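Please open the structure in your viewer and keep the selection panel at hand, since each stop of this tour begins with something to select.

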Amino acid sequence: MASLIDADHGGCKDTRRSTGGYLVKIGSGAVSWCSKLQSIVALSTTEAEYIAAVSAGKEIRWMRNLLHEMGFSLTGPSMLRIDNQSAISVAKHPEHHGRMKQLDLSWYWLRDVVHKKLIAPSFVPTADQPADILTKSLAKPKVELFYGIMGLGRC
């Protein structure tokens with residue numbers, strides 16, 4: 001199981017809130033996705049991406065629990081692919097959380113599941129990030145490419 005996330009820092013012109021999006025894939029197909037205006041104003045791109053990563057992490061945990069209840073055992077962590085190195089660093093290394101002191105403690109949940117090796121954040125270049133389709137408008141060739149990567153066929 002893998003999840004891809006993205007956020008557009010301050011994309012809403014009225015509230016300056018970011019839109020966060022995630023896509024959860026099992027095998028080669030998308031099984032869950034979300035695009036939503038974040039509940040708080042992120043003070044940096046790192047913060048916006050991290051908040052989107054927390055949302056995706058919650059969905060991953062729910063999916064893992066569902067699969068377990070259905071009799072499937074998952075070994076190893078689920079991948080969380082992020083195109084922001086700083087957000088990955090914050091998720092992996094607790095010492096970096098001091099840079100985002102303004103966030104409510106509930107956002108630090110992701111750090112714990114990463115530490116327990118249930119979720120493994122990893123880098124994906126922005127050019128190869130299908131979750132971009134959930135947070136911003138893209139040119140048609142990029143949309144078609146990402147539809148294929150998402151396992152949704154042609155648009």
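## First stop: the main core

Select A53, which, leaving out residues up to four places away in sequence, touches I5, L80, I82 and L110; contact here means heavy atoms within 4.5 Å. The model is a predicted one, in which local features need pLDDT of at least 70, side-chain atom pairs count only at pLDDT 80 or more, and totals for chains, interfaces and linings use all residues. Residues are numbered from 1 along each chain as its sequence is written, and side-chain values use heavy atoms, with hydrogens and water left out.

Now extend the selection to I5, Y50, A53, L80, I82, L110 and I119, the residues that touch the most other members within the largest nonpolar core, which has 25 residues. A nonpolar core is a set of buried Ala, Val, Leu, Ile, Met, Phe, Trp, Tyr and Cys residues joined through side-chain atoms within 4.5 Å, where buried means under 20% relative accessible area, exposed over 50%, and partly exposed in between (1.4 Å probe, protein chains only). At least two residues of this core come from each of β1 (2-8), β2 (19-26), α1, β4, α2 and α3, and α1 gives the most, with 9 residues. Another core lies apart from this one and has 9 residues, among them I133, L134, V143 and M150.

## Second stop: the whole chain

Switch to a cartoon view and follow the protein chain from the N terminus, along which the elements run β-β-β-α-β-α-α-β-α, giving 4 helices and 5 strands. These elements are DSSP runs numbered from the N terminus, with helices (H or I) of at least four residues and strands (E) of at least two. Of the 155 residues of the protein chain, 46% count as buried, and among contacts with a separation of 6 or more, residues 24 or more positions apart account for 62%. A surface view shows about 8300 Å² exposed by the protein chain, of which carbon and sulfur atoms supply 55%; accessible areas come from the Shrake-Rupley method with a 1.4 Å probe, and for residues only the protein chains shown count as cover.

## Third stop: helix α2

Select residues 85-92, which form helix α2, and colour A87, I88, V90 and A91, which are buried. Looking down the axis of α2, one finds these buried residues within an arc of 160°, so they line one face of the helix; the arc is that of the directions from the helix axis to the C-beta atoms. The packing partners of the buried residues of α2 are α1 (45-69), β4 (78-82), α3 (109-115) and β5 (119-123). At the N-terminal end of α2, N84 acts as a cap, with a side-chain oxygen 3.1 Å from the backbone nitrogen of S86.

## Fourth stop: three buried polar residues

Go to S3 in strand β1, a residue that counts as buried at 0% relative accessibility. Between S3 and A56 the C-alpha to C-alpha distance is 6.8 Å, although the two are 53 residues apart in sequence. Beyond neighbours within four places in sequence, the contacts of S3 include Y22, L23, V24, I60 and M79.

Next, select Q129, in the loop between β5 and α4 (140-150), which is buried with a relative accessible area of 0%. Its side chain reaches the backbone oxygen of R81 at 3.4 Å, a polar contact in the sense of a pair of N or O atoms within 3.5 Å, where within protein one must be able to donate a hydrogen and the other to accept it, and residues adjacent in sequence count only if both atoms are side-chain atoms. Leaving aside neighbours within four places in sequence, Q129 also has contacts that include L4, D6, D83 and F146.

D132 lies in the loop between β5 and α4 and counts as buried at 6% relative accessibility. Not counting residues up to four places away in sequence, D132 touches D6, D83, T126, L138 and F146.

## Last stop: two loop residues with positive phi

Select R16 in the loop between β1 and β2, where phi is positive at about 65° although R16 is not a glycine; R16 is partly exposed, with 42% relative accessibility. Then move to K117 in the loop between α3 and β5, another residue other than glycine whose phi is positive, near 65°, and which is exposed with a relative accessible area of 63%.
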